[in-house]
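Student: I have a model open and I'd like to learn how to read it. Could you walk me through a few features?

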Amino acid sequence: MIKPLTYISTRGDAEPVGFDDVLLAGMAPDGGLYVPSKWPHITLPQWTKLSQAPYQTLATAMLTPFMQGSSLLPQLDEIVEEAYRGFHHAAIAPLVQLSADEWVLELFHGPTLAFKDVALQFLGQCLRRMLETRQQQVTVIGATSGDTGSAAIEACRGNPNIRCVILHPHGKISHVQRLQMTTVPDDNIHNIAIDGSFDDCQFLVKQLFADAEFRQKLRLTAVNSINWCRIMAQSVYYAYAALRLGGPWQSVNMVVPTGNFGNIFAGHVARHMGLPLGRLVVATNRNDILSRLWNEGDYHTRSVEHSLAPSMDIQVASNLERLLLEADHGPAPLTKQMRALREEGGFQLKGAPLSYLRKRMAAGSAGDEDIAATIQQVHQQTGMVVDPHTAAGIHVGRQMKLQGPTVYLATAHPAKFPDAVHKAIGLNPALPPHLSDLTTRKERFDVMPNDIAKLRGYLQKSA
């Protein structure tokens, strides 16, 4: 009999729990993030057997061990099928060749045109079934730098057991990103524009989860990538791409635009499961705190700068602590670092922990000029139009002169960022048919100061 898999907190001061509790809690009660107590492993022969499997089959195989002991496990096949039924490409995550040894992994064929759909459609199906079975209601709350919000809303809309509240930085996401959230008419959806940055929105969410009494009273659960369900679901597309390019017998590099560190940590998870990946590369924009950490050992926050790639306009990468837990060999040093981040604005990393990070990933950044030039270069050479985040990844990867097959994760459809694309190549990419009337839909959202007391009051009043 296979033992249930348990999850532990990165901060080390919470009881181990099973997948169902991780799904509903999102964040550990000690303020940490959940990680598996041990890593499931898939053997090389098993990877080989899965090498040409459809996306859904691969997803079921990779997610099963993470859900051992879950009440949802018997329904996993149905959950996966339902999660990806609404995608607009049969492959779910198709590979498009860019050059002789470069490919783009298109992760934007879900309902909201961003990679977040891949995980949130799955998470939404899990939540729906769990809450129906338990006859419970929850408040899903999340912060977004642009894409998570619309994907979460699409996954939760119309569900009578979920009240979905999404915070976004007022005036600091693209017009299309905002409209995708604020034009959803369902009564269970609430959008709040915070006068501040994404980091401010994210910190408000963390403060709510840190208040045990308030959290329990409103039955809060998270949809940001702090929720482990998001990370494990995203690990699948790393394997899907690598296996189609010669894996597991050939190493494939993955270049990942990332702000909150969840997307690339999912690749690290796939590697933990035994997938032989090549280099994992962190690509950031001008808000380069992750690049500075890898290259200088410096993890101190600075003011968030608005960029052509707004979904990466982030200074505090929440999921980094999942990797730091491994690098520090335990929760005590990590807890000290997180305290320094909160109280002193950051910390220095050196010695063995920094070497641990560098052995597993590399990092680089792209400024606005680099992003615009790369959009232009790719379009001139191939006719392909890429969004600014994908362009940041291509720029960073090419600067590193990676050897062997290299995959750039395309995290969003270019039509989500028409201003940046038009600035680079003079074209306005069209929205797909299911969103063609987006700009004519009626908006509905509240503007609120960066104030935890006012946010608590809003949540209690609308409960």
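Student: How are α10 and α11 oriented to each other?

Tutor: Two packed helices are described by the angle between their axes and the distance between the axes. In this predicted model, helix α10 (residues 228-244) and helix α11 (residues 262-272) pack at about 65°, with their axes 7 Å apart. Axes here are lines fitted to C-alpha atoms, for helices over the stretch in contact, and angles run from 0 to 180 degrees between N-to-C directions. Angles under 35 degrees count as roughly parallel, over 145 as roughly antiparallel, 65 to 115 as roughly perpendicular and the rest as oblique. So α10 and α11 are roughly perpendicular to each other.

Student: Which residues of α10 and α11 meet?

Tutor: Contact means heavy atoms within 4.5 Å. From α10, the residues include Trp228, Ile231 and Tyr238, and they face a set in α11 that includes Ile264, Phe265 and Val269. By class, this contact has nine nonpolar, five polar and no charged residues. Ala, Val, Leu, Ile, Met, Phe, Trp, Tyr, Cys and Pro count as nonpolar, Asp, Glu, Lys and Arg as charged, and the others, Gly among them, as polar.

Student: At what angle do α16 and α18 cross?

Tutor: Helix α16 (residues 368-382) and helix α18 (residues 418-425) cross at roughly 65°, and their axes come within 8 Å. That makes α16 and α18 roughly perpendicular to each other. Ala372, Ile375, Gln376 and His379 in α16 meet Ala420, Ala424 and Ile425 in α18. Sorted by class, that contact holds five nonpolar, two polar and no charged residues.

Student: Next, disulfides. How many are there in the whole structure?

Tutor: A disulfide is a covalent bond between the sulfur atoms of two cysteines. The search, which wants a pair of cysteine sulfur atoms within 2.5 Å, finds zero.

Student: Why is there no bond for cysteine 229?

Tutor: Its closest cysteine sulfur, in cysteine 126, is 4.6 Å away, too far for a bond. For cysteine 201 the closest one is in cysteine 164, at 14 Å, also too far. Cysteine 201 is buried (under 20% relative accessible area; exposed is over 50%, partly exposed in between, with a 1.4 Å probe and protein chains only), at 0%.

Student: And how many residues of α3 are buried?

Tutor: In helix α3 (residues 55-63), seven of nine are buried, among them Tyr55, Leu58 and Met62. What covers them includes α2 (44-49), α4 (76-84), α5 (116-134) and α10.

Student: Any small print?

Tutor: Residues are numbered from 1 along each chain as its sequence is written, and side-chain values use heavy atoms, leaving out hydrogens and water. Local features need pLDDT of at least 70, side-chain atom pairs count only at pLDDT 80 or more, and totals for chains, interfaces and linings use all residues. Helices are DSSP runs (H or I, at least four residues), numbered from the N terminus.

Conventions:
Helix = DSSP H or I, 4+ residues; strand = E, 2+ residues; numbered from the N terminus.
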